[in-house]
Amino acid sequence: MHLLFGYSYKNIIARKLTSLFSMLGVALVVFVFAAVLMLSHGLEQTLVDTGSDDNVIVIRRASQTEVQSILPRDIANIVKADPAIAHDTAGAPIFTNEILVLINQPKRNSNEPSNVPVRGVTPMSLKVRPTVNIVEGRMWHEGTSEIIAGAKVAKTFQGCGLGETVRFGMRDWTVVGIFEAEGSGFESELWGDVNQLMDAFGRPVFSSLTMQLKAPGDFEAMKARLEQDPRLTVEVHREKEYYAEQARITTTFINILGTVISIVFSLGAIVGAMITMYTTVAHRTREIGTLRALGFTRSTVLLTFLAESVLMSFTGGVIGIFLASFLRFFEVSTTNWDTFAELAFSFEVSPSIIIGSLIFAVVMGIAGGFLPAVQASRLRIVDALRAKG
Amino acid sequence: MAETLVKLEDVSKSYWRDSIEIPVLHHINLEILTGEFVALMGPSGSGKTTLLNLIAGIDRPSQGRVIFEHEDLSTLSEGDLARWRSRHIGFVFQFYNLMPVLTAFENVELPLLLTKLSRAERHKQVETALAIVGLADRMKHYPNQLSGGQEQRVAIARAIVTDPDLILADEPTGDLDKQSAEEIMDLLAQLNKDFGKTITMVTHDPRAAEHARVIHRLDKGELETA
Ligand SMILES: Nc1ncnc2c1ncn2[C@@H]1O[C@H](COP(=O)(O)OP(=O)(O)OP(=O)(O)O)[C@@H](O)[C@H]1O
Ligand SMILES: [Mg+2]
């Protein structure tokens with residue numbers, strides 16, 4: 001098979017504007033497609049990275065999310081005594097009982113209120129989650145109305161920066177520290193003393209219990225033990241899987257919406273590519289006849305025109321991905337539809353997104369170029385040579 | 001005594017348009033000998049191009065056989081016929097039929113892409129062909145940067161670059177001014193005389209036909225030899 005790549009390439013260049021428009025059509029579609037994938041990938045990364053493999057989270061059975069979960073102190077004490085839980089050097093179980101409540105706070109730039117999760121934690125919470133790092137200020141002192149703020153909340157919401165105060169639970173809370181957690185969902189939360197928060201909200205029960213395992217392999221046994229204990233009505237999850245599951249609804253929604261939009265857009269790009277290719281086949285009928293007369297076969301003609309279409313759409317795809325890659329510099333926030341809390345994350349590129357987008361571009365090129373290419377290859381030589389074009 | 005290169009045996013050709021048969025060629029018998037320079041003349045619509053296309057293996061006869069060096073072309077499949085054309089036939093068109101996006105060099109190189117020649121060998125052959133037609137200094141020019149006569153020279157270079165057994169030219173001077181036409185005719189005559197190329201040329205121009213050694217006339221699909 002002899003492909004005439006040089007010929008295809010030079011024809012694309014020669015068509016200038018027409019080629020440019022069909023490339024931009026594909027570029028636009030690929031931009032949208034890649035942007036959606038980057039969005040859901042970014043969201044997944046943020047939520048999946050929330051939590052550790054060694055950790056276990058316990059919530060009330062059938063309560064879906066931490067916010068809806070209610071765990072009284074006696075249940076917490078039973079769980080805390082489980083033998084699978086790791087202990088620190090001082091002999092204390094690496095275990096924390098927390099509450100999670102949502103408050104409404106205006107954003108810095110728009111003044112529009114949105115949900116912010118407030119987590120009541122214990123000093124042990126930092127040991128359970130070693131990725132959490134106080135980067136400015138200090139940890140709150142026990143028994144005070146002090147809180148620390150995740151880096152993303154601090155940036156996005158009024159009153160949440162270092163030294164500022166934020167009012168909820170009929171108290172003013174002073175932000176005494178800012179923490180980072182490797183970009184995970186915790187960075188979108190405010191953390192305060194669990195006892196103070198339970199007081200402030202008049203809530204005598206915990207939302208969740210999080211603990212570190214001695215060995216990750218102990219998980220199944222522990223899960224069976226706790227979930228079958230007749231005194232307990234709890235669900236036991238690996239922490240990482242729990243947060244990933246929470247991400248699923250939102251990412252699934254974004255993916256479906258994005259795919260539908262991309263497909264609708266791509267129909268336009270495919271029709272655009274098809275018109276371009278039909279026009280060029282019509283203009284080059286005599287050239288096609290000449291190629292065939294010189295001894296090039298039908299299949300060479302077919303592949304040459306198909307390659308021309310694919311080359312254009314591939315270039316469009318590269319342009320689209322290039323433009324989409326700049327989205328990395330934007331941070332977006334969305335409502336986490338499980339907790340209805342504000343969640344900040346950014347567009348993330350991955351090799352599979354790039355490859356997927358390029359494949360999508362190539363498929364558009366094939367879809368748009370196939371029929372015109374078939375038409376070109378079907379021409380009878382004598383008829384093609386008699387054409388004006 | 002020269003050998004027979006092409007032999008047409010009782011060849012008839014009809015085209016079909018809207019299920020109406022349009023007879024074009026009637027029971028043509030023709031022999032072209034190796035080394036001959038044949039002119040094919042006749043009024044418009046008499047079937048000259050059609051006959052040339054049948055010899056070139058671009059079209060198939062409705063009846064009869066085209067035999068090329070003892071090979072019956074009707075036995076070849078479509079793909080085999082394409083490969084056969086690339087090896088044995090060089091075609092020169094009235095309107096040159098160069099690819100406008102390719103340079104003179106690239107146009108001449110096109111038929112060589114169908115051979116197993118290396119890039120270096122291809123380049124050498126293209127340069128030789130362009131030198132023969134006197135356009136060694138125009139290799140990088142695009143067709144729209146060349147005069148009609150120069151374009152036709154490029155087309156002739158493309159036709160000879162594979163060193164084919166038979167050069168077919170359909171009114172090669174039909175679109176040229178007198179001066180350029182004369183130059184093209186001289187070139188074809190030189191290819192025939194100096195390089196021993198077998199040429200069959202369709203022409204309206206009696207002066208062009210003077211260069212040929214054999215003249216056939218077609219009239220309403222019937223052949224007579226002058
Ligand atoms: N591909 C085709 N389909 C249908 N009819 C054709 C086709 N090619 C030629 N014809 C018809 O066959 C007849 C002969 O055509 P042809 O082109 O062979 O004539 P010609 O002698 O080359 O004429 P000219 O001197 O004008 O080039 C014409 O009536 C033409 O309309
Ligand atoms: Mg003709």
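In this predicted model, the centres of domain 1 and domain 2 of chain A, taken over C-alpha atoms, are 46 Å apart. Domain 1 of chain A is built from two stretches, 2-48 and 248-386, while domain 2 covers 55-212.

Now to ligand 1, which sits in the largest pocket. Its shell counts 16 residues, and the closest are Ser44(B), Gly45(B), Lys48(B), Thr49(B) and Thr50(B). Chain B doesn't do the job alone, though: residues from chains A and B surround ligand 1, so the site is shared between chains. Sorted by class, the shell comes out as 7 polar, 5 charged and 4 nonpolar residues.

As for secondary structure, three elements each put at least two residues into the shell around ligand 1: helix H12 (381-385) of chain A, plus strand S1 (4-17) and helix H1 (48-55) of chain B. H1(B) gives the largest share, with 3 residues.

A few polar contacts to ligand oxygens are worth spelling out. Thr50(B), which is among the closest residues to ligand 1, has a polar side-chain atom 2.5 Å from an oxygen atom of ligand 1. With Gly47(B) the backbone is involved, as one of its N or O atoms lies 3.0 Å from an oxygen atom of the ligand. His204(B) joins in through its side chain, where an N or O atom is 3.2 Å from an oxygen atom of ligand 1. Taken alone, ligand 1 exposes 630 Å², and the protein buries 78% of that.

How values were computed: Residues numbered from 1 in each chain as written. Chains lettered and ligands numbered in written order. Predicted model: local features only at pLDDT ≥ 70, side-chain atom pairs only at ≥ 80, totals over all residues. Heavy atoms only, no water. Near = heavy atom within 4 Å. Polar contact = N/O pair within 3.5 Å; in protein donor to acceptor, adjacent residues only side chain to side chain. Areas by Shrake-Rupley, 256 points an atom, 1.4 Å probe, with all protein chains shown as cover. 1 Å grid on protein atoms, 1.4 Å probe; cavity = no way out; pocket = protein on both sides within 12 Å on 5 of 7 lines; lining within 4 Å. Sits in = over half its atoms within 2 Å of the grid points. Helix = DSSP H or I, 4+ residues; strand = E, 2+ residues; numbered from the N terminus. Nonpolar A, V, L, I, M, F, W, Y, C, P; charged D, E, K, R; others polar. Domains from an automatic or database assignment.
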